[in-house]
Each structure stands twice: as structure tokens, then as C-alpha cells.
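Work through the exercises below with the sequence and the model open. Try each task before reading its solution.

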Amino acid sequence: MSDSPRRGTTPVGIDELLERVRAGFVRVGPREALVATADGALLVDIRYAELRERDGLIPGALVVERNELEWRLDPQGSHRAPEAVSHDLQVVVVCNEGYASSLAVASLRQLGLHRATDVIGGFQAWRAAGLPVEA
């Protein structure tokens with residue numbers, strides 16, 4: 001195998017990739033995410049266990065670690081979470097600081113979850129905004 005890019009592709013750095021991905025959807029702030037959940041959106045926490053144990057949980061958030069996200073949220077998937085009821089479901093993804101969640105949203109949108117978005121600043125911004133967190 002070669003380390004060269006596939007024919008027809010040009011390598012990009014992560015900063016450029018994030019910029020491209022984020023151009024495809026509108027991100028929300030922590031307070032907007034809280035309002036969205038009150039209106040029926042599914043808040044999904046993709047932080048790994050150590051961060052959740054250290055910093056706490058967002059009450060009502062569905063915890064799905066990043067490596068399981070697509071399987072758990074695909075409404076047509078055999079391993080879907082009960083909450084994954086429709087491609088029209090508004091999904092708001094939260095990671096620790098708002099980077100991994102943007103890449104996760106791009107993947108969810110490829111699955112047809114066209115209303116998926118993420119929280120700007122992630123869990124850290126949520127907590128800094130004084131929004132609910134439980135130990």
C-alpha cells in the first residue's frame with residue numbers, strides 16, 4: 001500500500017476538514033441546544049467514559065460513545081437506540097469541546113439524519129454556561 005492519496009483526492013488538514021464539514025450545517029450554542037431538547041430534539045453525548053466520570057452528565061442526554069454512534073442512531077439499523085425513530089429526528093451531538101461532534105454530525109448527515117447538528121464548545125461550553133450537569 002502506498003501513502004499517497006487516492007486518485008482524484010487532495011489531502012486536507014483537520015482544520016480545513018472541520019471548516020468544510022461545518023459549512024454544511026448550522027451549529028448551536030449550549031442554550032440553543034437546551035431549548036432544542038425541550039422542543040423534542042435528542043441530545044447525544046459522545047464523550048468517552050473517563051470524561052463523563054470526571055465532569056458529569058447532562059441530564060436527559062443519550063450517552064453513545066463515538067465509535068457506536070452511527071449504529072445506534074441509524075433509524076434503519078439493526079442496533080439502533082429506541083430513540084432513533086426517524087431520519088427527521090433533530091439530533092444535537094455534544095462532545096467535550098465541540099470538535100469531534102462536528103465530524104460525527106457529518107457522518108450522521110450521510111446516514112440521512114438531515115437535522116443533525118452539534119454544540120459549539122461542547123460539554124465544556126455547556127457547563128460554563130451554567131446549564132444542568134449531574135455528577
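**Exercise 1. Place V91 in the fold, decide whether it is buried or exposed, and list its contacts beyond its sequence neighbours.**

Solution. This is a predicted model.
- Step 1: find the element. V91 lies in strand β3.
- Step 2: check the accessibility. The cut-off for buried is under 20% relative accessible area. V91 has 1% relative accessibility, so V91 counts as buried.
- Step 3: list the contacts, leaving aside neighbours within four places in sequence. V91 is in contact with L42, V44, L73, L108, R115, A116 and T117.
- Step 4: take one C-alpha distance. V91 and R109 are 18 residues apart in sequence and 10 Å apart in space.

**Exercise 2. Work out the strand order of the sheet, and say which strands stand at the edges.**

Solution.
- Step 1: start with β1 and β3. They pair in the parallel sense over four bridges. Within this pairing, V93 in β3 is the bridge partner of V44.
- Step 2: add β2 (residues 62–63). β1 and β2 pair in the parallel sense over two bridges. D45 stands opposite V63 in β2.
- Step 3: write the order. The four strands form an open sheet, β2-β1-β3-β4, with parallel pairing.
- Step 4: read off the edges. β2 and β4 each have a single partner strand, so one side of each has no neighbour in the sheet.

**Exercise 3. Compare the two faces of β1: which residues are buried on each?**

Solution.
- Step 1: recall the general rule. In a regular strand, side chains alternate between the two faces of the sheet.
- Step 2: sort the residues. L42 and V44 are on one side, and L43 and D45 are on the other.
- Step 3: conclude. The four residues are all buried, and both faces of β1 are covered.

**Exercise 4. Find the residues at the centre of contacts in the largest nonpolar core, and the elements that build this core.**

Solution.
- Step 1: recall the general tendency. In soluble globular proteins, nonpolar side chains tend to be buried together.
- Step 2: pick the best-connected members. The largest nonpolar core has 20 residues, and V44, L69, L73, V91 and L108 touch the most other members.
- Step 3: name the elements. β1 (42–45), α4 (69–73), β3 and α5 (100–110) each give two or more residues to this core. The largest share, three residues, comes from α5.
- Step 4: follow one member. Not counting residues up to four places away in sequence, L73 touches L42, V44, L62, A84, V91, L108 and L113.

**Exercise 5. Describe the packing of α5.**

Solution.
- Step 1: list what is buried. In α5 these residues are S101, S102, A104, V105, S107 and L108.
- Step 2: ask what covers them. The cover includes α1, α4, β3 and β4.
- Step 3: look just past the helix. G112 takes a positive phi of about 100°.

**Exercise 6. Decide how the buried and exposed residues of α2 are arranged around the helix.**

Solution.
- Step 1: list the buried residues. In α2 (residues 30–38), they are P30, A33 and A36.
- Step 2: look down the axis. The buried residues fall within an arc of 115°, so they line one face of α2.
- Step 3: turn to the other side. R31 and A38 are exposed there.
- Step 4: find the cover. What lies over the buried residues of α2 includes β3 (91–94) and α6 (122–128).
- Step 5: check the exit. Just after α2, G40 takes a positive phi of about 110°.

**Exercise 7. Contrast V26 with T117: which is buried and which is exposed?**

Solution.
- Step 1: locate both. V26 is in the loop between α1 (14–22) and α2, and T117 is in strand β4 (residues 117–118).
- Step 2: compare accessibility. V26 is exposed at a relative accessible area of 68%. T117 is buried at 4%.
- Step 3: take the C-alpha distance. The two are 91 residues apart in sequence and 6.6 Å apart in space.
- Step 4: list the contacts of T117, leaving aside neighbours within four places in sequence. They are F25, V26, R27, V28, V91, V92, V93 and V105.

**Exercise 8. Search for ring interactions: how many aromatic pairs are there, and where does the charged end of R47 sit?**

Solution.
- Step 1: count the pairs. The whole structure has zero aromatic pairs.
- Step 2: check R47. Its charged end sits over the ring of F123, 3.9 Å from the ring centre.

Key. Residues numbered from 1 in each chain as written. Predicted model: local features only at pLDDT ≥ 70, side-chain atom pairs only at ≥ 80, totals over all residues. Heavy atoms only, no water. Buried < 20%, exposed > 50% of the residue type's maximum accessible area, 1.4 Å probe, protein only. Arc of directions from axis to C-beta. Contact = heavy atoms within 4.5 Å. Phe/Tyr/Trp six-rings, centres within 6.5 Å; stacked < 30°, edge-to-face > 60°. Lys NZ or Arg CZ within 6 Å of the ring centre and 35° of its normal. Core = buried A, V, L, I, M, F, W, Y, C linked by side-chain atoms within 4.5 Å. Pairing = 2+ DSSP bridges.
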